[in-house]
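Got the viewer open? Let's take a walk through this model, one selection at a time.

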Amino acid sequence: MSDNNNQNQMDRALGNDAPPAPAVPRSKRIILIIGKTGEGKSTLGNMLVKENRFVTGGGVNGVTMYHQAEIFNEDDIEWRIIDTIGFCDPNLNPREVLYRIADCCNLHFQNGLHQVLLVTGSRFLGPELDIFDIFRTVIFNNDIMKFTTIVHTRASHFKDVAKCDELTKMARTPGTTELAKRRAEIYSQCPVLYVNNRDPEDPMTPDAKASRKMVLTHLYQRDQLYFPKQLEELREKVAAYKTREEQLKEFVEIVTKRCNEAEAVNQSLKAEMEQGKKEIDAIRARIVEAEKQNVINQQERIRIERDKVVLEEKMKAQALLEKQRLEHADALRRNQEEKHQREMAAEKARQVEIDKNFQLQLELARARNRSYDDDDDGCTIL
């Protein structure tokens, strides 16, 4: 979004210019609000409808457990605002969240939707990006990005166009980590709005009024419809989805099964080798005993020669068994090493992600503390 476009949007949001007429007038706007639990989804919905209709909370445990739709009329348009269950709710696993969003889509979007508001009060972290990736690939498809707007809530600097542009530019710049690259990909495909709706008890503070005008002006211009495909198959697609943890667990189970099978074959070969060794020892003992007794008659000589032939065959078979046992033992060792390396890599990656998330949460907490301190002085930085 250019500086001029941002300035025009801000002028309209503050009432300095009348909103333009849509390119294709429509009588309805269907808006879906999604985001992480506790980031201000329901508060944003209340700001748009100008009443406290959506139940709000403030902790990590979500208040909206399914979805809630509210309607208001303004500028000859019927606006349908749909608030959904939050991502990363500690009381629900990701698949259950997706099931409930899929049910919401089946109920409300048979005739399409106009815009998705992806709400965040901070920078996206790994779990949020995982859920949103599933949202745009399993629930819908990547075309939904053309109908998605990122909304930063609790942004007291929302009137500062230059600062908003700077923050958006930073978010769209790929970093060195996988997390930063994935976040930049999403920001680069979506417009970004900043609003200040900090007070959940009063959805129409002066900042909230200006923020509301900005959001509605933006949505007023988004009059094209997105039509989700194959809504009836959503629950099946969600059920078929496997998380990264499930994929890793499945791999470990396969490797463990292969190791167990190789160990069983190895034990079987060892048993055959022991039996062959006993037979060889018995034949060798008979030959030695016969030679000791110097039984050289024809019949005994034939039996001895036959025993020697059998002995040679047994020894060849024993050598073959030993070779097979060594091969299976080597395969077992490689499988166990591969399993161990995968588990160590997964644990290391999980620990790195935990450390990164902890640092990001710590930075966020510090930033918010500074923001609240700066609010007291009349100059807040998000």
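**The whole chain first**

Start with everything on screen: of the 382 residues in the protein, 40% are buried. Keep in mind that this is a predicted model. Switch to cartoon and you should be able to pick out ten helices and six strands. Turn on the surface and you're looking at about 21,000 Å² of exposed area, with 51% of it supplied by carbon and sulfur atoms. Among contacts with a separation of 6 or more, 77% are between residues 24 or more positions apart.

**The sheet**

Now color the strands. The six of them form an open sheet, and if you read across it the order is β2-β3-β1-β4-β5-β6, with mixed pairing. The edges belong to β2 and β6 (192-194); each has a single partner strand, so one side of each has no neighbour in the sheet. From one strand to the next, the twist averages 25°.

Zoom in on the β6 end. β5 and β6 run parallel, joined by three bridges. Select His-152 and look across to β6: its bridge partner there is Tyr-194.

**Helix α2, on the sheet**

Next, select residues 41-49, which is helix α2. This helix packs on the sheet, touching β1, β2, β3, β4 and β5, and its direction makes about 165° with that of β3.

How many of the residues of α2 are buried? Nine of its nine, so to speak the full set. Show the side chains and click along them: the buried residues include Lys-41, Ser-42 and Thr-43, as well as Leu-48 and Val-49. What do they pack against? Besides β1 (28-35), β2 (67-74), β3 (77-84), β4 (115-120) and β5 (148-152), there's a helix on the list, α7 (206-221).

Step just past the end of α2 and you land on Lys-50, which takes a positive phi of about 70°.

**Over to α7**

Follow that α7 contact by selecting Leu-216, which sits in helix α7. Why does Leu-216 count as buried? Its relative accessibility is 9%, and the cut-off for buried is under 20%. Put a distance label between the C-alpha atoms of Leu-216 and Leu-48: they are 7.8 Å apart, though 168 residues separate them along the chain. Leaving out residues up to four places away in sequence, Leu-216 touches Leu-48, Phe-72, Glu-74 and Trp-79.

**Two loop residues with positive phi**

Most residues other than glycine have a negative phi, so positive values are worth a click. Asp-75 is not a glycine, yet its phi is positive at about 55°. You'll find Asp-75 in the loop between β2 and β3, and at 52% relative accessibility it counts as exposed.

Then jump to Arg-154, in the loop between β5 and α5 (161-171). Arg-154 also has a positive phi of about 55° without being a glycine. Is Arg-154 buried or partly exposed? At 23% relative accessibility, Arg-154 counts as partly exposed.

**Last stop: a cavity**

A search of the whole structure turns up two cavities of 30 Å³ or more. Head for the second largest, which holds about 30 Å³ of space. To frame it, select its lining: Gly-35, Lys-36, Phe-87, Leu-118, Val-119, Phe-124, Glu-128 and Phe-132. The elements giving two or more residues to that lining are β4 and α4 (126-139).

How values were computed
Residues are numbered from 1 along each chain as its sequence is written. This is a predicted model: local features need pLDDT of at least 70, side-chain atom pairs count only at pLDDT 80 or more; totals for chains, interfaces and linings use all residues. Side-chain values use heavy atoms; hydrogens and water are left out. Buried means under 20% relative accessible area, exposed over 50%, partly exposed in between (1.4 Å probe, protein chains only). Helices (H or I, at least four residues) and strands (E, at least two) are DSSP runs, numbered from the N terminus. Contact means heavy atoms within 4.5 Å. Accessible areas come from the Shrake-Rupley method with a 1.4 Å probe; for residues, only the protein chains shown count as cover. Two strands pair if DSSP finds at least two bridges between them. Axes are lines fitted to C-alpha atoms, for helices over the stretch in contact, and angles run from 0 to 180 degrees between N-to-C directions. On a 1 Å grid over the protein atoms alone, a cavity is a set of points where a 1.4 Å probe fits but cannot get out, and a pocket is an open set with protein on both sides within 12 Å along at least five of seven lines; lining residues have an atom within 4 Å of a point. Grid points are joined across faces, edges and corners, and a volume is the space filled by probe spheres set on the points.
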